[in-house]
Amino acid sequence: MLKTIMSQHDSIRAVEWKDNHLVLLDQRKLPHNEQYVQLYSAEDTAEAIRNMVVRGAPAIGITAAYGLVMAARKCYKQYPSDWRVRLEAEKETLMSARPTAVNLMWALRRMCKELETIDGDPEGPMLELAQKIHQEDIEANYRMGELGSSLIPPSHAVLTHCNTGSLATGGYGTALGVIRSAFSSGKIEHVYADETRPWWQGSRLTAWELVKDKIPAHLVCEGAAASLMKQGKVSWVIVGSDRIAANGDVANKIGTYSLAVNARYHGVKFMVVAPTSTVDMQTATGNDIPIEERPQEEVLNVGNQRIAANHAQAWNPAFDITPASLIDAIVTEKGVVERPTPEKMAVLMAS
Ligand code: MRU
């Protein structure tokens, strides 16, 4: 029953395999234009990831998996005797498209492990696995939606950051999936969403998803978050993640860390929602997570319009690290880790 209600809030798909190629909803054009990009090669797929046609850690991983399917098809046809060697280079192109979201590396490693078991034409089995990775992500999101929602007491509203919805995942969403589930089950009646500078994932993407789902929401400037918490307007801050280190430190969209600091100060709870494909047990702490720095023009301009003073410069890290000590709960499809520690993370990942 809950799943039926939840699926009423799950109509958007940003990544789709059609016949023999990949179709991406161009997230740079949203919300005012719903345009799709057709991709037929791994190079173009890597470019689409780099340029933010598709973004959000799980969506990037799924996209890269489909990209590798197209690379496998090309290499097997064009270089039948050494297609595996050629494919390695294409995998590296995909792997280096963005550095922080570990789902990208996770999906490609999983695909490559499968390759070792394949003898003949790799396209069919590779596509089957990419579709499985996609489907598993959607199922994980539904599970996390239930688990995360169960932590929230009936309250007026929650605050979220960036876009963690259907657009950022295989479908439904991580943090936004929890919000969708909490709204469906009557736990919350309102959402505050940070606009999320400099890419405006909140204003352009999260607001678009919430409006489509008829979930009442207000956008806020990031700078308004502390006042929102001080006035007691939100019970939880709920965010996603691009990579979770073995000690429970979390990399997520720049601005997440200051939300966590503010939440702790104001007695607001802080939840991170991410599938276990986002957990990187090979990375000991947040200090070891590579943080992508993007072009300063993204801060100095809005679209093609220069906003900053001429000759002004900008620093543009795309992500920051929230220490585990500021996190009340990490919600994964395998279960919830409250107040994460290295030991609790190890138990979760071994389960
Ligand atoms: O730069 P982006 O838009 O790819 O950043 C996305 C985020 O930071 C999300 O919060 C994160 O990937 C989790 S998405 C389910």
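Helices (H or I, at least four residues) and strands (E, at least two) are DSSP runs, counted off from the N terminus. The model here is a predicted one, so local features need pLDDT of at least 70 and side-chain atom pairs count only at pLDDT 80 or more, while totals for chains, interfaces and linings use all residues. Residues are numbered from 1 along each chain as its sequence is written, and side-chain values rest on heavy atoms, with hydrogens and water left out.

On that footing, the chain turns out to have 12 helices and 16 strands. Its radius of gyration is 20 Å, close to the 20 Å that the globule rule gives for 351 residues, so the chain is as compact as a globular protein of that length. For that figure, the radius is taken over C-alpha atoms, and the rule itself is 2.2 Å times the number of residues to the power 0.38. Along the principal axes, the C-alpha atoms fill a box of roughly 65 × 55 × 40 Å.

Now for what is tucked away. Of the 351 residues, 57% are buried, meaning under 20% relative accessible area (exposed is over 50%, partly exposed in between; 1.4 Å probe, protein chains only). As for contacts (heavy atoms within 4.5 Å), residues 24 or more positions apart account for 75% of those with a separation of 6 or more.

The chain also splits into domain 1 (2–139) and domain 2 (151–350), with bounds from an automatic or database domain assignment. The C-alpha centres of these two domains lie 24 Å apart. Across the divide, 34 residues of domain 1 are in contact with 38 residues of domain 2.

Two residues give a close-up view. Arg-73 sits in helix H3 (residues 57–78). With a relative accessibility of 13%, Arg-73 counts as buried. Leaving aside residues up to four places away in sequence, Arg-73 touches Trp-17, Asn-20, Tyr-40 and Glu-123.

Val-272, for its part, belongs to strand S10 (residues 269–273). Its relative accessible area is 0%, so Val-272 is buried too. Again not counting residues up to four places away in sequence, Val-272 touches a list of residues that includes Val-239, Gly-240, Ser-241, Ile-244 and Val-250, along with Ile-327, Ala-329, Ile-330 and Val-331. Val-337 is 65 residues away from Val-272 in sequence, and the two are 9.8 Å apart in space, C-alpha to C-alpha.
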